[in-house]
Amino acid sequence: MLLSMTGFGSASLETDAYTVNIELKSLNSKSMDLSVRVPRSLSDKELEIRNTVSKSLVRGKINLSIEVSKNKSGATRSRINTELLSQYYQELETAAKALGAQSPDLFRLALHMPDVLQTESAEEVKSEDVAWEQVQPLLLEAIQNFNTFRTDEGKALTAEIVSYIDRIRILLAEVDKHDPTRVEQIRQRIQGHLAEISSSESFNQNRFEQEMIYYIEKLDIAEEKVRLVNHLHYFTETVYLPEPTGKKLAFISQEIGREINTIGSKANDATIQRLVVEMKEELEKIKEQLNNIL
């Protein structure tokens, strides 16, 4: 089954201290073109990450992003400035005594005075805080999800490409059906020309027969039809191989195009030329889709 070159996969993990998010995206490329973005806390694992992704994904313009962030619950924390709280409390108590006012809520008032409660940002996630034993299986999960996406897209591409191959088979059957009529028309034309020139005094029967044999052989498309059938069969077989076959299918499509072109150049027949044009159209659709195949 074919695999799509484009794909997407993600995975995430949340611990008490931090959250990890991994995303994989890919576009078409003739080779492996890997771009990796990892936080400083995982910089020492970048080579291992690259090797894992390259071995698993084979080919494509791939972007990998790994983000590690502190959980919201631990992102900030509050601290009481006890020295400032004590100053506010004493000042409020002194003012209350001077005014002869009751002071049951002095502590609460002092606690809500400016700068008593101070909010501090949590420290950045450090490398020793991130467990590679947790991140590594998460990377493998993202790769698995990515490959599942490629497989699902590949199923649709497989059905589409096979339909184009089937269409070429149908058109080739039309060529084969019309070929006897073409040959008969050529034979009648030759006989007509023979009747015209056989009365000439310079007519050489042996040379004429040799030239006719050469001419007929050049117009014969039997071998091309057989080779084209074989190429189409080989293409279909290759589509369903388990390993990535994009490059192999591209080579086979070139051979298919060569046989179609030869049939067109040798046919010398308007009907077959029209069928050849339609086969070329289907082949172009195949080549376009092969750019999306792994």
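This is a short selection-by-selection tour of the chain, from overall layout to single salt bridges.

**Whole chain**

Start with everything shown as cartoon. The model is predicted. Color by secondary structure, and 8 helices and 6 strands appear. Walk from the N terminus: the order is β-β-β-α-β-β-α-α-β-α-α-α-α-α.

Now switch on the surface. The chain exposes about 17,900 Å². Carbon and sulfur atoms supply 51% of that area. Of the 294 residues, 35% are buried. Next, consider the contact map. Among contacts with a separation of 6 or more, 81% join residues 24 or more positions apart.

**The sheet**

Select strands E1, E2, E3 and E4. These 4 strands form an open sheet with mixed pairing, in the order E1-E2-E4-E3. Which strands sit at the edges? Strand E1 (7-14) and strand E3 (32-37) do, each pairing on one side only. Look along the sheet for its twist, which averages 10° from one strand to the next.

Zoom in on E2 (residues 18-27) and E4 (residues 60-70). The two run antiparallel, joined by 10 bridges. Strands of a sheet pair through backbone hydrogen bonds, so display the backbone atoms here. Then label Leu24, which stands opposite Leu64 in E4.

Add helix H1 (residues 46-57). H1 packs on the sheet and touches E2, E3 and E4. Its direction makes about 145° with that of E3.

**Salt bridges: helix H4**

Hide the sheet and turn to charged side chains. Side chains of opposite charge can pair when their charged atoms come close. How many salt bridges does a search of the whole structure find? The count is 16.

Select Asp166 and Arg169. Their side chains meet in a salt bridge, at 3.0 Å from N to O. Both residues belong to helix H4 (residues 132-197). They are 3 residues apart, so about one helical turn separates them. Are they buried or exposed? Arg169 is partly exposed, at 31% relative accessible area. Asp166 is also partly exposed, at 34%.

**Salt bridges: helix H6**

Move on to helix H6 (residues 222-239) and pick Glu223 and Arg227. This pair forms a salt bridge of 3.6 Å, N to O. The spacing is 4 residues, which means about one helical turn between them. Glu223 counts as exposed, with 54% relative accessibility. Arg227 is partly exposed, at 33%.

Keep that pair on screen and add Glu224, Glu259 and Lys266. Together with Glu223 and Arg227, these residues are linked in a network of salt bridges.

**Salt bridges: helix H8**

Finish at helix H8 (residues 270-290), with Glu282 and Lys285 selected. The closest N and O atoms of this salt bridge are 3.3 Å apart. The residues are 3 apart in H8, about one turn of the helix. Which partner is buried? Glu282 is, with a relative accessible area of 9%. Lys285 counts as partly exposed, at 36%.

**Views to save**

Three scenes cover the tour. Save the sheet with helix H1 packed on it. Save the network that links Glu223, Glu224, Arg227, Glu259 and Lys266. Save the salt bridge between Glu282 and Lys285.

Methods:
Residues are numbered from 1 along each chain as its sequence is written. This is a predicted model: local features need pLDDT of at least 70, side-chain atom pairs count only at pLDDT 80 or more; totals for chains, interfaces and linings use all residues. Side-chain values use heavy atoms; hydrogens and water are left out. Buried means under 20% relative accessible area, exposed over 50%, partly exposed in between (1.4 Å probe, protein chains only). Contact means heavy atoms within 4.5 Å. Accessible areas come from the Shrake-Rupley method with a 1.4 Å probe; for residues, only the protein chains shown count as cover. A salt bridge is a side-chain nitrogen of Lys or Arg within 4 Å of a carboxyl oxygen of Asp or Glu. Two strands pair if DSSP finds at least two bridges between them. Axes are lines fitted to C-alpha atoms, for helices over the stretch in contact, and angles run from 0 to 180 degrees between N-to-C directions.
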